[in-house]
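Below are my notes on the model, set out as numbered points. Please read them alongside the coordinates.

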Amino acid sequence: MDGQLTFLGTGTSMGVPTLGCACAVCTSADPHDRRLRPSALVRWRDADGGPERVVVIDTGPDFREQALRAGVTRVDAVLYTHGHADHILGMDDLRPLSYIAFHEGGPIPLYATEETAKVLNHVYDYTFSPEATYSHRAKVQLEPLGERTNVHGVEFVRIPVLHGDMEISGFRFGNTAYLTDVSAIPESSFALLTGLEHLVLSALRHKPHPSHATLEQALAWALRIGARHTWLTHIAHELGHEETNRTLPQSVRLAYDGLTIPVCVGL
Ligand SMILES: [Zn+2]
Ligand SMILES: [Zn+2]
């Protein structure tokens with residue numbers, strides 16, 4: 001089934017430009033060098049000509065602006081990679097869309113591991129707590145993220161990856177995989193990444209970081225996995241778009257905010 005993947009944001013946790021920084025990338029005039037916090041959108045239309053289906057991967061602090069820019073008018077489900085601020089702090093901006101979804105048949109499901117759900121429950125106590133009395137809370141419901149999550153017929157396979165000492169979630173859907181905040185990929189996860197057309201992979205910068213891969217490490221994984229196209233995301237301000245792309249093999253490119261690629265989401 002044909003679908004689309006849109007990069008809502010391709011920046012690292014602090015975004016690019018980074019507050020207080022006057023480096024060449026932060027002051028660049030190239031719009032590709034402006035990166036909001038990392039998030040992605042998967043869309044497809046049901047085979048029977050039904051409504052467009054929209055799945056969001058992570059709702060970071062820039063979610064509202066990103067959703068406006070991408071023309072998002074509905075969300076069928078959210079999949080969370082992990083509970084860090086740059087991936088969850090826009091959850092409350094689902095409120096207006098959740099009221100629409102609720103009228104159509106229930107709260108928006110938010111799929112999260114137990115560890116991520118714990119953070120969401122804590123941060124959004126006024127939304128999830130059974131004692132919460134805030135009447136304008138988002139109509140959302142935490143659902144356990146298992147090995148496979150089916151959203152209106154499209155299967156999202158969880159791909160475990162390491163982010164420092166945390167195990168977090170990447171996702172494979174059809175011929176595409178989305179892996180962010182990666183510092184290591186377990187052997188068992190490489191086995192889930194065969195035959196890809198598109199691989200999205202995080203690549204922070206050149207200098208090592210305890211919980212993120214360097215560009216060089218991401219490149220080595222990209223070549224090993226061998227997707228036809230690899231798109232790098234979660235990019236810090238050390239990597240300028242044009243100058244970095246010039247150093248990469250043709251099959252590997254830095255993604256940028258708003259980039260939309262056609263993907264196959266399943267049979
Ligand atoms: Zn992150
Ligand atoms: Zn993180």
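1. His 84 is partly exposed, since its relative accessible area is 33%. The model is a predicted one, and His 84 is one of the donors to the zinc ion (ligand 2). The full set there is His 82 (NE2), His 84 (ND1), His 163 (NE2) and Asp 181 (OD), at 2.2 to 2.5 Å. Note that His 84 donates through ND1, while His 82 and His 163 donate through NE2.

2. The angles among the 4 donor atoms of the zinc ion (ligand 2) run from 88 to 178°, and the site is irregular. A tetrahedral assignment would need all angles to lie between 85 and 135 degrees. For four tetrahedral donors the ideal angle is 109.5 degrees. Water is not among the atoms, so sites may look incomplete.

3. Along the chain, the donors of the zinc ion (ligand 2) have the spacing H-x1-H-x78-H-x17-D. His 84 sits in the loop between strand 4 (77–79) and helix 2, and His 163 is in strand 8, so this pair ties together parts 79 residues apart in sequence. In contrast to the partly exposed His 84, His 163 is buried, with a relative accessible area of 3%.

4. What holds the zinc ion (ligand 1)? Its donors are Asp 86 (OD), His 87 (NE2), Asp 181 (OD) and His 234 (NE2), at 2.2 Å. The arrangement is irregular because the 4 donor atoms subtend angles of 90 to 166°. The sequence spacing of these donor residues is D-H-x93-D-x52-H. Two of them come from distant parts of the chain: Asp 86 belongs to helix 2 (residues 85–88), and Asp 181 to the loop between strand 10 (176–179) and helix 6 (187–190), 95 residues away.

5. Asp 181 bridges the zinc ion (ligand 1) and the zinc ion (ligand 2), and the two ions are 3.4 Å apart. Asp 181 is buried, at a relative accessible area of 1%. Asp 86 also counts as buried, because its relative accessibility is 7%. The cut-off for buried is under 20%.

6. Thr 10 lies in the loop between strand 1 (2–9) and strand 2 (39–45). With a relative accessibility of 0%, Thr 10 counts as buried. Beyond its neighbours within four places in sequence, Thr 10 is in contact with Arg 35, Leu 36 and Arg 37, with Thr 233, His 234 and Ile 235, and with Ala 255, Tyr 256 and Asp 257. Among these contacts, His 234 is also a donor to the zinc ion (ligand 1).

7. How many disulfides does the structure hold? The count is 0. The sulfur of Cys 21 has its closest cysteine sulfur in Cys 23, 3.7 Å away, which is too far for a bond. The sulfur of Cys 26 likewise has its closest cysteine sulfur in Cys 23, at 3.7 Å, again too far for a bond. The cut-off used for a disulfide is 2.5 Å between the sulfur atoms. Cys 21 is partly exposed, with a relative accessible area of 25%, whereas Cys 26 counts as buried at 8% relative accessibility.

8. Strand 7 (residues 148–151) has alternating side chains: Thr 149 and Val 151 are buried and point to one face, while Arg 148 and Asn 150 point to the other and are not buried. Strand 7 pairs with strand 8 (residues 154–163) in the antiparallel sense, over 4 bridges. Arg 148 stands opposite Val 157 of strand 8. The hairpin of these strands has 2 residues between them, and His 152 takes a positive phi near 45° there.

9. Which residues of helix 7 (residues 215–225) are buried? They are Leu 215, Ala 218, Leu 219, Trp 221, Ala 222 and Ile 225. These residues are on the same side of helix 7, because they cover an arc of only 165° around the axis. Their cover includes helix 6, strand 11 (198–202), strand 12 (229–233), helix 8 (241–245) and strand 13 (252–254). Gly 226 follows helix 7 and has a positive phi, near 70°.

10. Leu 68, in helix 1 (residues 63–69), counts as exposed at 55% relative accessibility. Its C-alpha atom is separated by 18 Å from that of Gly 15, and the two residues are 53 residues apart along the chain.

Notes
Residues numbered from 1 in each chain as written. Chains lettered and ligands numbered in written order. Predicted model: local features only at pLDDT ≥ 70, side-chain atom pairs only at ≥ 80, totals over all residues. Heavy atoms only, no water. Donors = N, O, S within 2.8 Å, 3.2 Å for Na, K, Ca; no water. Tetrahedral: all angles 85-135°; square planar, octahedral: opposite > 155°, others 65-115°. Buried < 20%, exposed > 50% of the residue type's maximum accessible area, 1.4 Å probe, protein only. Pairing = 2+ DSSP bridges. Arc of directions from axis to C-beta. Contact = heavy atoms within 4.5 Å.
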